[in-house]
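Biologist: I should like a close look at one part of this model, the interface between the two chains. Please describe how it is made up.

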Amino acid sequence: MRFLVAWLHRHLVFAIAAWALLVGASLIALFEYKGRPGSDGHPSVAWPEAAGLERATDRPTLLMFIHPECPCTRASIEELALIVDRSDVRARALVVVMTSEAAAAPVSTATVDRARMLPGVEVVFDPGGVEAARFGAETSGHVLVFSPNGERLYTGGVTGSRGHQGDNFGRAQVLALLTTGAKGAAAAHVYGCALGNDT
Amino acid sequence: MSTTIAQTSTPDEAALERAGELFRERETDLHRRTDRLFAYLLVAQWVFAIAIAVTISPYAWTGKVRAIHAHVPMAIFGGGLLTAFPTFLALSRPGAPSTRYVIAVAQMLWSALLIHLTGGRIETHFHVFGSLAFLSVYRDYRVFFPATVVVVIDHVLRQALWPESAFGTTTPEAWRFLEHAGWVLFEDAFLVIACISARKEMYAAAVRQAQVESLSRLDQAKTIELDTALRELEASQVAQLRSERLAVLGKLAASMGHELRNPLAAVRNANAYVARRVLGGNETPWDPKVAQFFAIIDKEIGACGKIISDLLDFARGREPTRAPCPLRPVVDDAFSVIPTKVALENAVPEDLPVLDLDRDQMRQVVINLVQNAVEAMPETRMATARVVVSARTLPSGGYVLEVRDNAGGIPDDVASRIFEPLFTTKTTGTGLGLAIVASMVERHGGKIRVDSQLGEGSCFSIELPRDRAAIATAALMQGGA
């Protein structure tokens, strides 16, 4: 130990440079992880006929598919809260929580509870991820917006990176859609845990 | 009061130099303390980051399958990396500029890590500005440079590689990173001004303290001068008292000496007559000790007469009659008249310089000092009792005569008065012996002192200078050569 201390003091510039490199590499790894999107899935272009969810016929319907345990999805929920708060058009907002097929009671996690508290947001459960599969969502936080006649207006995420709140392209698209009716040309990536086929 | 003085007076060069020292001391101390503070903060942030990761995002999920979330190893290892090295420097190189610059970089990177671990919450972004404010505790505006550079590099890199994570758009303008860095620079500007101002105040405080110290030193010097003056006054009073006592003693000695001298002369004559009659010109009669004792009686009567003369001379203040006087024989002579069981050692070097001294007075000095040591020797120490007379040459050409004993030492209160006339601790003493010694030494232009260690012994030192006439003669001879 004493030898190490003496060596570090003798080669301080080298030690500082090595430390800076390690720190830089760690931060780059963190950014890379945070910027790695989940699967965009195969979202249906129209409201599925077999869907067990009810679509609003007088206003747009916003669906957010989430994994109840996914920590990254909390940022998506916060972004949803902001969208609901800021949008002029009051869409019917549904947070579709995937649960186990065997789940007897509604799931309660911090993410689900937070979603429940949002005004104008309805929480529904999706045992076995049947609805997610119908709508083609594969990543927690995937948002789909449908027009009253069932046309898909938006697909993608509402966060800029994994589990990260703040201004982002997806949220801007959804807000524009619900405020001015402008339909975005591109879909934003979805950042979150994989919903899985056998939830 | 001192503040008023400091404010109204201009610091001199010495005070400014001292102020510089104080300022540097305080600055280094501040840097060291702040390094330690940051070491605690870094560790606390690390613990906090791990707690956040484990609590908020312990697992990433794929359906029902879970795996450790990347935040957990990032908090443990990434946070550890941001904590360990700066903390190591803070503890092993506190106060070094490189330590605080590394800490500044680490603290700003901690902001980035915490922002990510907390899901980019806007509240966590305040950590950046809090950290800058915390760095200002160093009062070293240079720490803001690496801190700001880190923020700028972070935003430039992210703008190039992951623009949406920093700016919320995939196509930010080229100057966009400046918007974020600009706010950091904005805070930097205020903190740099605050640091410069704080350093100025710190320096002003150091100048004030230096001035106060300077005034305190002056006060101390004055106090010492006053103490010296008081001690001199006290010594002068003691000398005056001694002089008065000596005057009384002089009269008494003159009277007694005069009265004793005649009977002593009669005793000496009678002894001489009896000796002649008993010995009849034969110095080895029936008992050889008889002649020896007659000689001792005669010698001691002579010594008594001499002492009376000396006492009279002392009382009258007789100046020494100087002549070249080798010291070693004087000591031998003095030892011969001191009957004692105590071991006496004449350690005066043979090659000691020969000074012009009054031989009789020097003999009396040695007798008095040795006799004094012998009489002070307790019975319990008799087995190892020893009095050594030695001398060592001084660079000035004189020498120091030392009479050293192992009689157990003299208490301080006695030692301080030991040369006063009529002062004695002996039941049969007159208190004149050491006073006479001191007087004789002074008349030779010398100095006498006593050093004593209780439980051990005492050492009387007499410093005798080379007399001026001898110095002048030596100088002349040297010049002539």
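Modeller: Buried area is the accessible area, taken with a 1.4 Å probe, that two parts lose on being put together, summed over both. In this predicted model, chain A and chain B bury about 3,400 Å² between them, and carbon and sulfur atoms account for 71% of that area. Put in terms of residues, 42 from chain A are in contact with 38 from chain B.

As to polar interactions, eleven residue pairs are in polar contact between chain A and chain B, both residues of each pair being at pLDDT 80 or more. By contrast, the rule for salt bridges finds zero across this interface.

On the side of chain A that touches chain B, the elements giving two or more residues are helix H1 (2–10), helix H2 (12–34) and helix H6 (169–180) of chain A. Of these, H2(A) supplies the largest share of that side, with 14 residues. Sorted by class, the side of chain A that touches chain B holds 21 nonpolar, 14 polar and seven charged residues.

A separate point concerns a residue of chain B. Val149(B) lies in helix H6 of chain B, which spans residues 144–161. Val149(B) counts as partly exposed because its relative accessibility is 31%, a value between the 20% limit for buried and the 50% limit for exposed. The C-alpha atom of Val149(B) is 8.9 Å from that of Ala181(B), although 32 residues along the chain set the two apart.

Technical notes: Residues numbered from 1 in each chain as written. Chains lettered and ligands numbered in written order. Predicted model: local features only at pLDDT ≥ 70, side-chain atom pairs only at ≥ 80, totals over all residues. Heavy atoms only, no water. Helix = DSSP H or I, 4+ residues; strand = E, 2+ residues; numbered from the N terminus. Buried < 20%, exposed > 50% of the residue type's maximum accessible area, 1.4 Å probe, protein only. Contact = heavy atoms within 4.5 Å. Salt bridge = Lys/Arg side-chain N within 4 Å of Asp/Glu carboxyl O. Polar contact = N/O pair within 3.5 Å; in protein donor to acceptor, adjacent residues only side chain to side chain. Nonpolar A, V, L, I, M, F, W, Y, C, P; charged D, E, K, R; others polar.
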